[in-house]
Amino acid sequence: MKYEEYVEKLEELDEDFEAGMLSQIKEEPPIEFHRDLIKVVKSNERKGYLYRYRKHALVVVAGLALFFALKGVSSFNYFSSKGELNTGTEKKQSVKKNKEVIKNDKFDYAVSDGKFIVNYEIFIKKDDEAVIKFINEKAIKVDKFRGIYSMDRYHYKKLEEILKKEGIEIKPIFNFEEDNVVIKININ
Amino acid sequence: MEEKLLIKECINRDIKAFEKLILNYEAKIYNMCFYLLKNREDALDASQEVCIKIYKSIEKFKGESKFATWVYRITYNTCMDLLKKRKNEFSYDDVIDYELHREDRIESIIESRELKYDLKESIMKLNDDYRMIIILRDIEGLSYQEISEILNIESGTVKSRLFRAREALRNELIKRGVLRR
């Protein structure tokens, strides 16, 4: 059979077969189909909106995170500078801690104002020239108005001996970890 | 409102425009889904899926073919995907066929639509390709060109496949006594 004949036959069949018969068996969706469909579309649209909103929110959050990450160093510095108070508190706390330790264990005196840890307080007479001279020569003035001096272990021992000769006893250094001793000298 | 305008508004996510647009196609989509999937429930689900796909991807319609052709193509692809899935499910098809036949039988007895019933039954007996081409040509009345675009086959293939599909359908109808030899 030639191709043209074949097509012709198909066309013949096409006319004679249908006879409008098959077009009568169309299936219709139920009435509620349209309503249900629109409900679903609207709901999807809302979800889509929320999704887009969420996506944008995530972008904003990521942006902020990046911003803070970039600003991190300066922010840290800012907080650090602000945080001096905290550091101060820490210092105070450590001082307080020291104070407790000092009082309980080895020292008579603790801190005066958070600046110094005074290990010993010594009372000398204003006419005791030898002692005054020794202190002036060997001790380092830390706070002259308050009579606070720093002295190394060796010279502290010497001071101890000088005072002992004059009948004044000061507490010996024991378990003292620091190289220097902070003393408060009261002149009567 | 003109279809092109409705499509344009749908692209801008206008649900009301979509409601109007889809109203003209719901029956066509459902009909195709029903005959392809042979089951009302599946046809409803598939039709809804198709309509949502249309709404979501309407901006992809470039106007190179008729909108109806584009809609049929989406419907066809969706149904074919579902049929492929269904083939992987053990004996599911048989259960559905049985339910459909039982349902239709009851309906046909009540409404005395025996001819329609026989026609439907005979169409359902055809293989997917034949059934598809009968639906598009003889039920929906599309042109060879449109069918060729929807099924993505040559126009000559449409004609030859239609010829064979009709013969197969005729044989089914003869078996049932609807047509004489």
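**Figure 1. Strand 3 of chain A and its partner strand 4.** Five bridges connect strand 3 of chain A with strand 4 (residues 180-187) of chain A, and the two strands run antiparallel. Keep in mind that this is a predicted model. One facing pair to look for is A:Ser150, which sits opposite A:Val182 in strand 4 of chain A. On to the other neighbour: strand 2 (residues 140-143) of chain A is also antiparallel to strand 3 of chain A, with three bridges joining them. Here A:Ile140 is the residue that stands opposite A:Ser150 in strand 3 of chain A. How covered is strand 3 of chain A? Mostly: the strand spans residues 148-152, and four of its five residues are buried. A handy rule while you look: in a regular strand, side chains alternate between the two faces of the sheet.

**Figure 2. Chain A as a whole.** If you pull back from the strands, you can count six helices and four strands in chain A. Following the sequence, they come in the pattern α-α-α-α-β-α-β-β-α-β. Chain A has 188 residues, and 28% of them are buried. What share of the contacts with a separation of 6 or more in chain A comes from residues 24 or more positions apart? It's 62%. The exposed area of chain A is about 14,000 Å², with carbon and sulfur atoms supplying 55% of it.

**Figure 3. Chain B as a whole.** Now for chain B, where you'll find 10 helices and zero strands. Its pattern along the sequence reads α-α-α-α-α-α-α-α-α-α. Chain B has 181 residues, of which 52% count as buried. For contacts in chain B with a separation of 6 or more, 63% are between residues 24 or more positions apart. About 9,400 Å² of chain B is exposed, and carbon and sulfur atoms supply 47% of that area.

**Figure 4. Helix 4 of chain B, from its start to its end.** This helix covers residues 40-57 of chain B, 18 residues in total. From its first C-alpha to its last it reaches 25 Å, close to the 26 Å expected at 1.5 Å a residue. What happens at the start of helix 4 of chain B? There, a side-chain oxygen of B:Asn39 comes to within 3.0 Å of the backbone nitrogen of B:Glu41. Plenty of names to find along the helix, too: its buried residues include B:Arg40, B:Asp42, B:Ala43, B:Val50, B:Cys51 and B:Tyr55.

**Figure 5. B:Glu59 and B:Arg13, a link between two loops.** Side chains of opposite charge can pair when their charged atoms come close. In this view, B:Glu59 makes a salt bridge with B:Arg13, and their closest N and O atoms are 3.6 Å apart. The pair links distant parts of the chain, with the two positions 46 residues apart. B:Glu59 is in the loop between helix 4 and helix 5 (67-87) of chain B, while B:Arg13 is in the loop between helix 1 (3-11) and helix 2 (15-23) of chain B. Are these two buried, exposed or partly exposed? B:Glu59 counts as partly exposed, at 34% relative accessibility, and B:Arg13 counts as partly exposed at 29%.

**Figure 6. B:Glu146 and B:Lys66, a helix tied to a loop.** The closest N and O atoms in the salt bridge between B:Glu146 and B:Lys66 are 3.0 Å apart. B:Glu146 belongs to helix 9 (residues 144-151) of chain B and B:Lys66 to the loop between helix 4 and helix 5 of chain B, so their pairing ties together parts that are 80 residues apart in sequence. B:Glu146 is buried, at a relative accessible area of 11%, whereas B:Lys66 is exposed, at 53%.

**Figure 7. B:Lys175 and B:Glu172, and a network with chain A.** Another salt bridge joins B:Lys175 to B:Glu172, with 3.5 Å between the closest N and O atoms. Both residues are in helix 10 (residues 155-175) of chain B, and because they are three residues apart, about one helical turn separates them. B:Lys175 counts as exposed, at 67% relative accessibility, but B:Glu172 counts as buried, at 15%. Salt bridges that share partners also join A:Glu27, B:Arg40 and B:Lys120 into one network. Over all chains, the structure holds nine salt bridges.

Methods:
Residues numbered from 1 in each chain as written. Chains lettered and ligands numbered in written order. Predicted model: local features only at pLDDT ≥ 70, side-chain atom pairs only at ≥ 80, totals over all residues. Heavy atoms only, no water. Buried < 20%, exposed > 50% of the residue type's maximum accessible area, 1.4 Å probe, protein only. Contact = heavy atoms within 4.5 Å. Areas by Shrake-Rupley, 256 points an atom, 1.4 Å probe, with all protein chains shown as cover. Pairing = 2+ DSSP bridges. Expected span 1.5 Å × (residues − 1). Polar contact = N/O pair within 3.5 Å; in protein donor to acceptor, adjacent residues only side chain to side chain. Salt bridge = Lys/Arg side-chain N within 4 Å of Asp/Glu carboxyl O.
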